[in-house]
Amino acid sequence: MFMEKISKEDLEVFERIAPFPVAIINCQSVLYLSKSCKKMMGYDEDEDVNVPLDRIFQEKSVIYDIREILDNNFGFMKHELIIYKKDRSLMWVEYVGKLVEYQSQTCILVQAYDITEKKQIEKSLRQLSNVRSLMLKVSQSILNIDNIQDIFQLILRSALNSIKNSQLGCIFLKQDGEFVVVAQQGFAKDIETFRIPVEDTFLYKVTEGRMDEIKYLTSLEEMETFRPVRTAYGEERMIASSLTGPIYVDGELFGMIDIDSLKCDAFDSEDIQIMTIIRNNIEIAIANHLFYEEKARAAKYDRLTNVYNRTYFEEYFEKFRDRFLGGAGTVSLVLFDLNDLKKINDTFGHLAGDMAIRIFAEQIKEVLGPEDVFARIGGDEFAGLFFDIDKEKLREKMKRSLASLEKKKFLWEQKEIMACGEAGVPKELIISFSFGIATFGSDGTQLEILLCAADEKMYKFKRKYKQRLMDNKS
């Protein structure tokens, strides 16, 4: 195979015409570096360079490849690889090479280009793409998680896996002017009871109270509040580097995320970018979870009274009906109806009527047992399932609740119900209710049948109640 002969003088002439980074190497060392190549690799222009190959190439396999190329007289070659600069920092290069005869030996003439920035950009984009894919998986997983604490832990674990050199982390939520830990990794368990006023946090101090951006903290030991922390392994260590950022939901400060390292200068600008993506996804995840949580709650609860709604009450009954049939204790259905709600609405307006409904619901919630279920099933109609209580005792319990409510005199003025005795010229508002009790089994086992039985007894009670009021007036 024809091989071009080349001399040092030829190379110097070539550099004057086209000052590209050029090198001559054999199987053992670098024999020649052009001035531009020396500059690219951090050498002085006049420095005599005769460097062994293992001082240049990061991967030892490259040296074996060079020997194979020289032994087999391969022709043109083109590759990308990592080399060491003079200061032992790494640099990506793309090179084209061919075999030449130099100083009476077969060598490789290499023309190299620094592609470090290109590779860093590719790596950064790849890393960001991986983080986005990870956050997408997290977002999809969140849809199947009911407990928001588990969501925070999943997000934190994903963040620590995404940011190199990260070793510990916490997610905080804002409660009553303080941040409390809701998720942690790498710390001892006692950090879960840690609370810190918002204004004492590093983030508050370095942003001068704005809490509006992610900050990379590298000199934590200079801060007055800097203290050693106990890790999950029981040792006390100083956090040397920290990425900390605020979490906002619907424009309000909701919490904060900290990603920490025990190493100095552990993070870089890429990590801040990744932290930004993670923080944004946390905000979206929390907002979505709260939205779906509110939707799920709306599907179960009555908005006015915050007790269960009819749909949930019916579903609950059907779900546990077989258990009731199996003799799982006494089950009573109580149907409630507010007395004279129409009169309240006509006299004081519907806002007063709504307040009366809420006051009644709060009264009944006070007498519910831990397993009892109470729901609003119509405008002023409510139903409750009461477990393991004798029918007569339940009736007396409801009567005591009614008597307690009757003693509470409420006044309506300026679209508010106020306790008697407050300023203004209030009008008295009397709130009371009627009820009927049906027993599962003896009165029926179907919900509609039980409701009808309780409804009939409730109206008997209502007639007697109104008659008693009339008798008291006379």
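Here are a few worked exercises on charged residues in this structure, which is a predicted model.

**Exercise 1. Find the residues of the positive surface patch and say which helix supplies the largest share.**

Start with the members: Lys399, Lys460, Arg463 and Lys464 make up the patch. Next, look at where they come from. Helix H12, residues 447-473, gives the largest share, with three residues. Lys464 is a good one to click on, since it sits in helix H12.

**Exercise 2. Decide whether Lys464 and Lys462 are buried or exposed.**

Take Lys464 to begin with. Its relative accessibility is 64%, so Lys464 counts as exposed, the cut-off for that being over 50%. Now move to Lys462, which is also found in helix H12. Lys462 has just 9% relative accessibility, so it counts as buried; the limit here is under 20%. What does Lys462 touch, leaving aside neighbours within four places in sequence? Its contacts are Asp337, Leu338, Asn339 and Ser434.

**Exercise 3. Work out which parts of the chain the salt bridge between Asp268 and Lys164 ties together.**

First, check the pair: the two side chains meet at 3.1 Å, N to O. That is inside the 4 Å limit for a salt bridge. Then place each partner. Asp268 lies in the loop between strand S14 (252-261) and helix H7 (269-300), while Lys164 lies in the loop between helix H5 (148-162) and strand S7 (168-175), so the bridge ties together parts 104 residues apart in sequence. Last, check the cover: Asp268 is partly exposed, with a relative accessible area of 30%, and Lys164 is partly exposed too, at 31%.

**Exercise 4. Do the same for Arg376 and Asp302, and say whether they are buried or exposed.**

The closest N and O atoms of this salt bridge are 3.3 Å apart. Arg376 belongs to strand S17 (residues 373-376) and Asp302 to the loop between H7 and strand S15 (308-309), so this pair links parts 74 residues apart in sequence. As for cover, both Arg376 and Asp302 are buried.

**Exercise 5. Trace the salt-bridge network that includes Glu213.**

Begin with one pair: Glu213 bridges to Lys215, with 3.6 Å between the closest N and O atoms. Glu213 is partly exposed at 29% relative accessibility, and Lys215 is partly exposed at 24%. Now widen the view: Glu208, Arg210 and Asp212 join Glu213 and Lys215 in a network of salt bridges. For the wider tally, the whole structure has 26 salt bridges.

Key: Residues numbered from 1 in each chain as written. Predicted model: local features only at pLDDT ≥ 70, side-chain atom pairs only at ≥ 80, totals over all residues. Heavy atoms only, no water. Patch = residues over 30% accessible without salt bridge, like charges linked within 9 Å, V, L, I, M, F, W, Y side chains within 5 Å. Areas by Shrake-Rupley, 256 points an atom, 1.4 Å probe, with all protein chains shown as cover. Lys, Arg positive; Asp, Glu negative; His and termini not counted. Charge placed at Lys NZ, Arg CZ, Asp CG, Glu CD. Helix = DSSP H or I, 4+ residues; strand = E, 2+ residues; numbered from the N terminus. Buried < 20%, exposed > 50% of the residue type's maximum accessible area, 1.4 Å probe, protein only. Contact = heavy atoms within 4.5 Å.
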